[in-house]
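Colleague: I would like to learn how to read cysteines in a model. Could you walk me through it?

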Amino acid sequence: MGLLLATPHPARAGSNLVVNPGFESTGSDGMPTCWEKAGWGDNDFTVTTTGPEQAHSGSKALSITLTRRVNGDRKAMMLENTSCAPGVTPSRQYDLSLWYKSTTPDAAITVFRHDVQQGWQYWTDLKSLPVSQGYTQAAVRTPVVPPNTDQLTWGVSVYGPGTVVSDDYDMEDATQPATGAVCTAGDACTKGSWQVMPFRNPVRSMHSVVLRNGKVLLVAGSGNDPGLFKAGTFSSAVYDPKTGSFKTVPTPVDMFCGGHVQLSDGRVLIMSGNKSYPAADGSHGYEGLKDSYLFDPDTESYTRVNDLDDGHWYPSATELGNGDVITFGGLKQDSSGNVTAQKFSAAQQKWLPGNQVNQTWSYWGLYPSMILMQDGRLFYSGSHVFGNGTPGTGASIYDYNANTITDVPGLQDKDHRDQSMSVLLPPAQDQRVLTMGGGNVNDNPEASRLTDLIDLKQASPRYLPGPLLPQGTVDMGQGPKPESGAQGKMYVSAVLMPDGQVLETGGGLHDRADPVFEASMYDPASNSFKPGMATDPIPRTYHSSAFLLPDGRVMAVGDNPGNGTFDEHVSIYTPPYLFKGARPQITSVANDKWQYASTQRITVDRPVVKAELIRPAAVTHSSDPNQRFVDLPMTVGSDGTTIDLNVTSNPNLAPPGWYMLFAVDAAGVPSVASWVHLGGPDALASPMTHDFARHMSHDPKSPMKQRSSQPVSPQISGCDRHYGTAGVCVPTVFPQSVAPTTEGRCSWLKSHGYGKLRVNGTADPLRLDPRRTGTACG
């Protein structure tokens, strides 16, 4: 269960806010005054008040026993009323402690909060309680209390057979004042700053993966260059942020537009890629490889694993709580849509045959954003690439074990969320997803400002409209001009930051064109954007990535407009928190191999208010469904610098693998990350899950009739292949502002850097060659 640590003597912060903390007063129902039984699921239990022989002090204690459990838990909690629940102040933190003894490892301290607008709701699980034959003290500090919260209740949850006896509860204000140097960096103090690096990216990187050693794998394959594809020239590079150096890596196949995910051991699983570019005569579109490889950060080389059953060009890739990887969607080897799910077995280190994987025969499209939920189900957020969303509401929950799909309502304008981005907001324990922006390559409207927020903790979750994306300037070929009206962006990048904010950056107004220069910081606590952050001077549209580095900065690469060019500049963003003076330091990590439900000790050089694990990025095409920020509730010693971190028991919240560990001070300044490995097949704890999203407004859908594929148009990518080469994208539909004439379309192409384009064959559907010269706009 991890290190067996003596609990540090907890910091004492003030008076005890708990009513009847030792259970000495009893109500008419036999329960201690201000306490109640709670819980859910199929289990047998008793909750009783004991006599003095079981008490830690005084004459009474509280006992919870589970004798049979199929699912769920049982709790002893403070009553949810104004006289019993401790009052709290938003933005403050509180130290909680209790004395307990236990015969089960499946117990935890659980907290609910009262929202002044929405009432009582589950907040978080703070600390697992290891087995203890005699009384031991468990102490833990809450995260910062969210806005609109005026009361908390908390107590012990038991979710496995056994008995927990507890006594002498304590809750004290532990708020740390925000101190630090005065920022003298001008606008950077509030906006941060971008630096365009003095070197160029040696590869046309379309896939970016932060490795467990802090380096970055940048994968191009053929880099959307048909000439390189024909020559068999495929490339990758490893970038070292510490030295600014690149190392090119031999790349065995065209991994252009494949999928990737980090396995629990830190190797990168890369699946599919490009078997063929579209044919000029329109006989087929892109075709997917069935090849699959592992990239090893130690040797910086690829090794082949067994093939997929068929191609998955533009697939999803999600790691599950047991370390397996599941993939959906993409294009098969014949360029039709792949309707088969495939699973990579962590135990067997290979792709399982399709007949060993549950199948719904659904076509999820290209790069569908499939986010792992706390109970092991998958949330399809509605973010995808190319064209319309899935039939129905555009978002859904997939239950692999039941093999059912349940639609989730509320996603706005669901068929214009192409190249939107969805993120599981900090912390993962909150189970909230934000979806931002998007467009549609088929009808090529102006991209959207819409955002949608869903709370997957609700009994029947639905998307609700979020705040509109802030607007910036857009360059439509005549220089940057302010956005107006409903203009937003597609190709959105969103990065989870160590201070709990989300950086939103990059994007474009139309398909493969018209970069938008704008960046904002989204605050999950207030559900609001802070506009006007410093803007990357390099356009970042199609085939761009932005991602967090271990030093707390953000790196951005790539831009591949429709004219076939590729921007090789590298930009680095320094957030405002790095202009606030000295950073806290993690001075020691007792153990870098962590298990679920364990307590892990670190030391820091000065007090901090929170610590978290952030999963390193594996991002492409506005998609990284594995990106997550996992809160680590702290038990703080009296010296303020010896800290025990309480690791979740639930691998669905933090799938096994390598994570960046950050500690953050009261001013929001993070440490440089330390690398730790979580879980794996040796994890011993049972997961604590909750009864969320179980009473949906839509009925579950059973699997479709078995089929081989979904028909997909060769023009799915929004490109008219009658003109130019496969690496050039002449839009099938021009923006609405472009006159539907030869002159209007040719003028737009010229202003966007398109050179001479041959006409492929005799058809000229866009009337770009009325004189029949064989050259478009000649």
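Modeller: Happily; we will go through the cysteines and then a domain annotation. Keep in mind that this is a predicted model.

Colleague: How many disulfides does the structure hold?

Modeller: The general idea is to look for pairs of cysteine sulfur atoms within 2.5 Å. Here the structure holds four disulfides. With the bonded cysteines numbered in sequence order, they pair as 1-2, 3-4, 5-6, 7-8.

Colleague: Let's take one in detail. Which cysteine is joined to C34?

Modeller: C34 is joined to C84, with an S to S distance of 2.0 Å. This pair links distant parts of the chain, 50 residues apart: C34 sits in the segment before β1 (35-40), and C84 in the loop between β4 (73-78) and β5 (94-102). The angle about the S-S bond is -65°, and the link is left-handed. Both C34 and C84 are buried.

Colleague: What handedness does the disulfide of C183 and C189 have, and why?

Modeller: The sulfur atoms of C183 and C189 are 1.8 Å apart. The torsion about their S-S bond is about -85°, so this disulfide is left-handed.

Colleague: And how do I read burial there? Is C189 buried or exposed?

Modeller: The idea is to use relative accessible area, where buried means under 20%. C189 has 17%, so C189 is buried. Its partner C183 has 25% relative accessibility and therefore counts as partly exposed.

Colleague: Now, where in the chain are C746 and C777?

Modeller: First the bond: a disulfide connects C746 and C777, S to S 2.1 Å. C746 lies in helix α3 (residues 742-751), whereas C777 is in the segment after β56 (775-776); the two are 31 residues apart, and the pair links distant parts of the chain. Their link is left-handed, with -90° about the S-S bond. C746 counts as buried because its relative accessibility is 14%, while C777, at 34%, is partly exposed.

Colleague: Why does C257 have no bond to C719?

Modeller: Distance settles that one. C719 holds the closest cysteine sulfur to that of C257, but it is 11 Å away, which is too far for a bond. C257 is also buried, with a relative accessible area of 0%.

Colleague: Last topic: which residues does UniProt list for the "Galactose oxidase-like Early set" domain?

Modeller: The unreviewed UniProt entry lists residues 583-677 for that domain. To read such a span, I check its secondary structure and its ends. Residues 583-677 are 0% helix and 44% strand, and the end C-alpha atoms lie 23 Å apart.

Technical notes:
Residues are numbered from 1 along each chain as its sequence is written. This is a predicted model: local features need pLDDT of at least 70, side-chain atom pairs count only at pLDDT 80 or more; totals for chains, interfaces and linings use all residues. Side-chain values use heavy atoms; hydrogens and water are left out. UniProt positions are given in the numbering used here, feature names are shortened, and annotations may be inferred rather than shown by experiment. Helices (H or I, at least four residues) and strands (E, at least two) are DSSP runs, numbered from the N terminus. Buried means under 20% relative accessible area, exposed over 50%, partly exposed in between (1.4 Å probe, protein chains only).
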